[in-house]
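Visitor: I would like to learn how to read a protein model feature by feature. Could you take me through one, giving the general idea before each case?

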Amino acid sequence: MHERRYQRSKSFLGAKIIFNGDHSSFDCLVKEISAGGALIRIENALSPPESFSLTLADGRRFECEVRWRRINTLGVEFVTAA
């Protein structure tokens, strides 16, 4: 069984995936979040690049790297808080 490094919390936060030098974005929903990453719901999980900025509705911003993709879901690791 795989053990997580960080405790996940359920959430329902509106957010934006921002990339291409802040010129492109996708709306998304953060369903789970931890100190180390997030589970993100998005219309098409294949659309975002491998790394991007995630800006939450409350103003927090994180630099992220995609760890896995499903049809409508991304698992991301926070590289740094921007």
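**Reading the fold**

Guide: The protein chain has six strands and zero helices, and you should keep in mind throughout that this is a predicted model. Read from the N terminus on, its elements follow the order β-β-β-β-β-β.

Visitor: How many residues does the protein chain have, and what share of them counts as buried?

Guide: The protein chain has 82 residues, of which 37% count as buried. Its exposed surface comes to about 5300 Å², with carbon and sulfur atoms supplying 50% of that area. As for contacts between residues with a separation of 6 or more, 41% of them join residues 24 or more positions apart.

Visitor: How do I read a pair of strands, and how many bridges join β4 to β5?

Guide: A useful general idea to begin with is that side chains in a regular strand alternate between the two faces of the sheet. In this structure, strand β4 (residues 51-56) and strand β5 (residues 61-69) run antiparallel and are joined by five bridges. Within that pairing, Phe 52 of the one strand stands opposite Cys 64 in β5. The hairpin formed by β4 and β5 has four residues between the strands, and there Gly 59 takes a positive phi near 100 degrees.

Visitor: Where is Asp 58 found, and is Asp 58 buried, partly exposed or exposed?

Guide: Asp 58 is found in the loop between β4 and β5, and with a relative accessibility of 47% it counts as partly exposed. Asp 58 also shows how sequence and space can be read side by side, since Asp 58 and Leu 13 are 45 residues apart in sequence while their C-alpha atoms are 8.3 Å apart in space.

Visitor: Which residues have the most contacts inside the largest nonpolar core?

Guide: A nonpolar core is read as a set of buried nonpolar residues joined through side-chain atoms within 4.5 Å. The largest one here has 19 residues, and those with the most contacts inside it are Ile 17, Ile 40, Phe 52, Leu 54, Leu 74 and Val 76. Two or more residues come from each of β1 (9-19), β2 (24-33), β3 (37-41), β4, β5 and β6 (73-81). To look at one member of the core in detail, take Val 76: leaving aside neighbours within four places in sequence, its contacts include Ile 40, Phe 52, Cys 64 and Val 66, and also Gly 36, Gly 37 and Ala 38.

Visitor: What should I look for in a salt bridge, and how many does the structure hold?

Guide: In general, side chains of opposite charge can pair when their charged atoms come close. The structure holds eight salt bridges, and one of them is formed by the side chains of Glu 32 and Lys 10, at 3.0 Å from N to O. Glu 32 lies in strand β2 and Lys 10 in strand β1, so this pair ties together parts that are 22 residues apart in sequence. Glu 32 is buried, having a relative accessible area of 14%, whereas Lys 10 is exposed, at 71%.

Visitor: Which side chain meets that of Lys 16 in a salt bridge?

Guide: The side chain of Lys 16 meets that of Asp 27, with 2.4 Å from N to O. This pair links distant parts of the chain, with Lys 16 in strand β1 and Asp 27 in strand β2, eleven residues apart. Lys 16 counts as partly exposed at 36% relative accessibility, while Asp 27 is exposed, with a relative accessible area of 56%.

Visitor: Which residues are linked in a network of salt bridges?

Guide: The network links Asp 22, Arg 61 and Glu 63. The closest N and O atoms of Glu 63 and Arg 61 are 4.0 Å apart in their salt bridge. Glu 63 is partly exposed, with a relative accessible area of 28%, and Arg 61 likewise counts as partly exposed, at 25%.

Visitor: How do I read aromatic pairs, and how many are counted?

Guide: A pair of aromatic rings is described by the distance of the centres and the angle of the planes. The count here comes to two aromatic pairs. The rings of Phe 19 and Phe 26 have centres 5.4 Å apart and planes at 25 degrees, so this pair is stacked. Phe 26 counts as partly exposed at 27% relative accessibility. In the other pair, the ring centres of Phe 62 and Phe 78 are 4.1 Å apart and their planes lie at 10 degrees, so the pair is stacked. Phe 62 in strand β5 and Phe 78 in strand β6 are 16 residues apart, and their pair links distant parts of the chain. Both Phe 62 and Phe 78 are buried.

Definitions and conventions. Residues numbered from 1 in each chain as written. Predicted model: local features only at pLDDT ≥ 70, side-chain atom pairs only at ≥ 80, totals over all residues. Heavy atoms only, no water. Pairing = 2+ DSSP bridges. Buried < 20%, exposed > 50% of the residue type's maximum accessible area, 1.4 Å probe, protein only. Contact = heavy atoms within 4.5 Å. Areas by Shrake-Rupley, 256 points an atom, 1.4 Å probe, with all protein chains shown as cover. Phe/Tyr/Trp six-rings, centres within 6.5 Å; stacked < 30°, edge-to-face > 60°.
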